[in-house]
Amino acid sequence: MDGDLNNHDVSHSHVDGDECRMEMGFGNYGCSHYRRRCKIITPCCNEIFDCRHCHNDAKNLIEVDPLERHDVPRHEVKRVICSLCNTEQDTQQMCISCGVCLGKYYCSKCKFFDDDVSKNQYHCDKCGICRTGGEENFFHCDRCECCYSNLLKESHSCIEKAMHHNCPVCFEYIFDTTKDITVLPCGHTIHLNCVKEMESRFQYTCPLCLKSYCDMNCVWEKLDEEIASTPMPQIYQNKMVWILCNDCGETCEVNYHIVAHKCLNCKSYNTSQTRGGPTSCSSGVSEMIGRP
C-alpha cells in the first residue's frame with residue numbers, strides 16, 4: 001500500500017511539474033502581435049525577431065532599399081530561441097533546455113506559436129495557414145480559396161481567390177492579415193476598419209466593382225424628391241443620355257439631369273453616364289448622402 005501511495009505521489013508531482021512548465025513566463029513575453037515565449041530566427045536574413053510580422057514591418061520600412069525589402073517565408077522557419085533560457089533549437093512546442101512551453105498553441109506546419117488560445121486558432125490545410133475563430137465556425141470555399149464564416153455558406157458570392165489581393169483601401173495583403181475583414185455582398189473582401197473609414201466619408205460602394213454594399217433605398221427616395229424639385233432648363237428637358245448601372249450592370253437611356261441618373265431596371269442612382277454628353281458619375285448621390 002505504501003508503494004502505491006508513493007507511485008501516486010510521484011505521478012502527481014510529475015503532473016504538477018508539467019503544469020508549471022506550461023505556465024512559466026506565461027503572458028510576460030512576446031510582442032504587439034503575439035504573446036509567446038520564443039523568438040524566431042528568420043531563414044531569409046538569419047536575424048532574430050519576436051514574430052514574422054515584426055520582421056516584415058522592419059524589412060519593409062520606407063528607409064529600406066526597395067531591392068532589400070522582403071517578407072519572411074513563414075513555413076521555412078526552422079530555428080527558434082527560448083525567451084526564458086535563450087537556448088537556440090529546432091521549432092517545437094517545449095523548450096529542449098528548460099522545458100517551458102514556448103506557446104500554448106503551436107502549429108508545426110506554420111511554425112506558429114501563440115499563448116493567447118482565446119482566439120481559438122486552427123490550421124486550415126487548404127489555406128495553408130492558421131486562422132482564428134474556431135474551425136467549427138468556418139468553412140473553406142474551394143473557388144474563393146479561403147475560409148468564411150458558416151453564416152455565409154449558402155449566401156456568399158464566389159470570387160476566384162477572393163482574399164488573395166491587397167485591401168483596396170489600405171493596400172495591405174488581405175489573405176494572411178491579422179486584422180478583421182468583412183465580405184461585401186458583391187463577394188469582395190476588405191478590412192472591416194477600412195469599411196468603417198469609407199462610411200465616415202459617406203462612401204457606400206465597393207472600391208473594386210462600385211456596387212452598393214448596403215441598403216440605399218432611403219437615399220434613392222431623397223434623390224427622387226431632389227430631382228422632382230429641380231426642373232432642368234428648357235434646353236435640357238428633352239436631352240437623353242446613356243448610363244451604366246453599377247448595381248445591376250444594365251445600360252439604359254434616360255433623361256439627362258444635373259443631380260443624378262436613375263437606372264430604369266433596378267431604380268438605383270449608383271450609375272455612370274457613358275454617352276450623350278460629358279461623362280460623369282451621379283454626383284448627386286455622394287452629395288445627398290453627405291448632408292446632415
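## Helix α4 and its two sides

Let's start with the outward side of α4: the face turned away from the buried side of this helix carries Glu225 and Ala228, both exposed. This is a predicted model, so please read what follows in that light.

On the other side, the buried residues of α4 are Val219, Trp220, Leu223 and Ile227. They line one face of the helix, because they fall within an arc of 100° when α4 is seen down its axis. The spacing fits a general rule: an α-helix has 3.6 residues a turn, so residues three or four places apart point the same way.

As for its length, α4 covers residues 217-228, 12 residues in total. From first C-alpha to last, α4 reaches 17 Å, close to the expected 16 Å.

## The open sheet

Now to the strands. Four of them form an open sheet with antiparallel pairing, in the order β2-β1-β3-β4. At the edges stand β2 (48-49) and β4 (88-90); each has a single partner strand, so one side of each is left without a neighbour in the sheet.

Further in, β1 (residues 38-41) pairs with β3 (residues 79-82) over four bridges, in the antiparallel sense. If you want a spot to look at in the structure, try Ile41, whose bridge partner in β3 is Arg79.

## How far to trust the model

The chain has a mean pLDDT of 89, with 88% of its residues at 70 or more. Residues 10-15 are a place for caution: their pLDDT is below 50, and beyond near neighbours in sequence this stretch has zero contacts in the model. Where pLDDT is low, the predicted coordinates should not be read in detail.

Note on methods: Residues numbered from 1 in each chain as written. Predicted model: local features only at pLDDT ≥ 70, side-chain atom pairs only at ≥ 80, totals over all residues. Heavy atoms only, no water. Expected span 1.5 Å × (residues − 1). Buried < 20%, exposed > 50% of the residue type's maximum accessible area, 1.4 Å probe, protein only. Arc of directions from axis to C-beta. pLDDT = per-residue confidence, 0-100. Contact = heavy atoms within 4.5 Å. Pairing = 2+ DSSP bridges.
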